[in-house]
Amino acid sequence: IFKEDYYFLKSIIEYVNKSTNKICFLIIGFNNYITNLKSLPNTIVTGRLEKLKDVLKYLSLGDFGILPLKISVANIARWPSKASDYFSLGLPIISTSVNDLLELNATYSFGFIVNSDSPKTFAKQIIQSTGLSSLEIENLKKGSKNIFQSNLDNKVLSKEYEKIYNNLLKR
């Protein structure tokens, strides 16, 4: 996590906590920044998890996966690895507009893209998401799972790598 992303996340959690105590943040991983989040109310920090199955188990406890990334050149140009984890579980996502997530969400409808890196705006989206009906959440889960199966599944990726390899051989 970049330093500015840490401060962004911290501010989001603080805004949410000012509005409600019914939302809990589960932060997976560790570094000097993340460890500091333990002191915030309604925030659990797991620390380092060695096994992927443990990461996926914790992630599956959530209602939404969040990708609160500052809108910067570095974040726009990268694929957030957590997005793939969320998609593999069919977990709806709330994210800032980084990488191709805005376009992908227009196609797959897997969650909410916040077109601002304002902590208050992001926090409001989190709070609003708690008011969704179970049918709306199920539809977002389907969209999240569909993006994984259509684009990120190992079989799909293997075929894409094979195409790239064959194109390189033709040159």
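Start by selecting Ser109, which sits in the loop between α6 (101–108) and β5. This is a predicted model, so treat each stop as a look at a prediction. Color Ser109 by backbone geometry if your viewer allows: its phi is positive, about 50°, although Ser109 is not a glycine. Is Ser109 buried, partly exposed or exposed? With 40% relative accessibility, Ser109 counts as partly exposed.

Now pick Phe110 and Asn139 together. Draw a distance between their C-alpha atoms and you should get 7.8 Å, even though 29 residues separate the pair in sequence. Asn139 belongs to helix α8. Its relative accessibility is 41%, so Asn139 counts as partly exposed.

While you're there, show all of α8, residues 134–152, and add helix α9, residues 154–170. How do these two helices pack? Their axes are 6 Å apart and make an angle of about 30°. To see the contact itself, turn on side chains for Gln149, Ser150, Asn151 and Leu152 on the α8 side, then for Asn154, Val156 and Leu157 on the α9 side. Sort the residues of that contact by type and you get 3 nonpolar, 4 polar and no charged.

Next stop: helix α7, residues 119–129. Which residues of this helix are buried? Select Phe122, Ala123, Gln125, Ile126 and Ser129. Look down the axis of α7: these residues cover an arc of only 155°, which puts them on the same side of the helix. Now bring up what that buried set packs against. There are two stretches to show from the early part of the list, α1 (3–19) and β1 (25–27). The partners also include the strands β3 (65–67), β4 (93–96) and β5 (111–114).

Stay with α1 and select Asn17, which lies in that helix. Is Asn17 buried or exposed? Its relative accessible area is 19%, and the cut-off for buried is under 20%, so Asn17 counts as buried. Show what Asn17 touches: leaving out residues up to four places away in sequence, the contacts are Ile23, Pro41 and Asn42.

Follow that last contact and center on Asn42. You are now in the loop between α2 (32–36) and β2 (43–45). Check the backbone here as well: phi of Asn42 is near 60°, a positive value in a residue other than glycine. Asn42 has a relative accessible area of 29%, so Asn42 is partly exposed.

Time to zoom out and switch to a cartoon of the whole chain. How many helices and strands does the chain have? There are 9 helices and 5 strands. Trace the chain along its sequence and the pattern reads α-β-α-β-α-β-α-α-β-α-β-α-α-α. The radius of gyration is 17 Å, close to the 16 Å that the globule rule gives for 171 residues, so the chain is as compact as a globular protein of that length. If you draw a box along the principal axes, the C-alpha atoms fill roughly 60 × 40 × 30 Å.

For a last view, put a surface on the model. The chain exposes about 10300 Å², and carbon and sulfur atoms supply 52% of that area. Of the 171 residues, 37% count as buried. Then turn the surface off and look at the contacts: among those with a separation of 6 or more, 60% come from residues 24 or more positions apart.

Technical notes:
Residues numbered from 1 in each chain as written. Predicted model: local features only at pLDDT ≥ 70, side-chain atom pairs only at ≥ 80, totals over all residues. Heavy atoms only, no water. Axes fitted to C-alpha atoms, helices over the stretch in contact; angles between N-to-C directions. Helix = DSSP H or I, 4+ residues; strand = E, 2+ residues; numbered from the N terminus. Contact = heavy atoms within 4.5 Å. Nonpolar A, V, L, I, M, F, W, Y, C, P; charged D, E, K, R; others polar. Rg over C-alpha atoms; globule rule 2.2 N^0.38 Å. Buried < 20%, exposed > 50% of the residue type's maximum accessible area, 1.4 Å probe, protein only. Areas by Shrake-Rupley, 256 points an atom, 1.4 Å probe, with all protein chains shown as cover. Arc of directions from axis to C-beta.
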